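Student: I would like a close look at a single part of this structure. Please take one strand residue and work outward from there.

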Amino acid sequence: MSNRQVVAIFIIGIVLLLAAFWAGLAIVKQDAPVSANHSSAANQNAAGGAAGKPAASGPTTRPASQPSGEENAQYVVLIGTFGTLEQAKQLESDMRRDYIATHVQMPSGGDTLYRVVIGPYKKRDAEQVASDLSNKRKGIMIQPWTQN
């Protein structure tokens, strides 16, 4: 193997590493506002804001009281993204048998993908749907719902 080949492989490796880093950073930035809300709720609970309220039970830890903005927040369960409307509609029709709230979100702005989502739901209901689907499908995500 020549030195040029070794250098080329090294550069390709660095490029792939940077791409993975930036993709991970984008995901962390998407989740940052949700994490900030949970932190402020935890601080309120520590200051005695949750006195007399029962603690949430279940596999995930939830704050006993939620900020007023989060109480009305709606979420969708993302079950697939597709480049064509036909593919998205096929998954939508398959999933509607079990989840009547399944629909296709059309691309907007610079986005070019059709998203198949279920919802909108309250946070707890979205988590339950995502949990049920995670055994059947890969790549299930919960995202804040925005009306278009």
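Tutor: Start with a cut-off: a residue is called buried under 20% relative accessible area, and exposed over 50%. The model here is predicted. Now take Q143. Q143 has 19% relative accessibility, so Q143 counts as buried. Q143 sits in strand 4, which covers residues 141-144. Leaving out residues up to four places away in sequence, Q143 touches Y75, V76 and L78. Y75 has a charge over its ring: K123 lies over the face, at 4.7 Å from the ring centre. Aromatic pairs are another matter, as a search of the whole structure finds 0.

Next, the sheet. It is open, has 4 strands in the order 2-3-1-4, and pairs them antiparallel. Strand 4 is an edge strand, and so is strand 2 (102-105); each pairs on one side only. From one strand to the next, the twist averages 40 degrees. Strand 2 and strand 3 run antiparallel and are joined by 4 bridges. Q105 stands opposite R115 of strand 3. Helix 4 packs on the sheet and touches strand 1, strand 3 and strand 4. The direction of helix 4 makes about 40 degrees with that of strand 1. Helix 3 lies across strand 1, strand 2 and strand 3.

Finally, the core. The largest nonpolar core has 18 residues, and V77 is among those that touch the most other members. Strand 1 (75-82), helix 3 (85-96), strand 3 (114-121) and helix 4 (123-134) each give two or more residues to this core. Beyond residues up to four places away in sequence, V77 has contacts including V116, I118, V129, L133 and I140.

Definitions and conventions: Residues numbered from 1 in each chain as written. Predicted model: local features only at pLDDT ≥ 70, side-chain atom pairs only at ≥ 80, totals over all residues. Heavy atoms only, no water. Buried < 20%, exposed > 50% of the residue type's maximum accessible area, 1.4 Å probe, protein only. Contact = heavy atoms within 4.5 Å. Core = buried A, V, L, I, M, F, W, Y, C linked by side-chain atoms within 4.5 Å. Phe/Tyr/Trp six-rings, centres within 6.5 Å; stacked < 30°, edge-to-face > 60°. Lys NZ or Arg CZ within 6 Å of the ring centre and 35° of its normal. Pairing = 2+ DSSP bridges. Axes fitted to C-alpha atoms, helices over the stretch in contact; angles between N-to-C directions.
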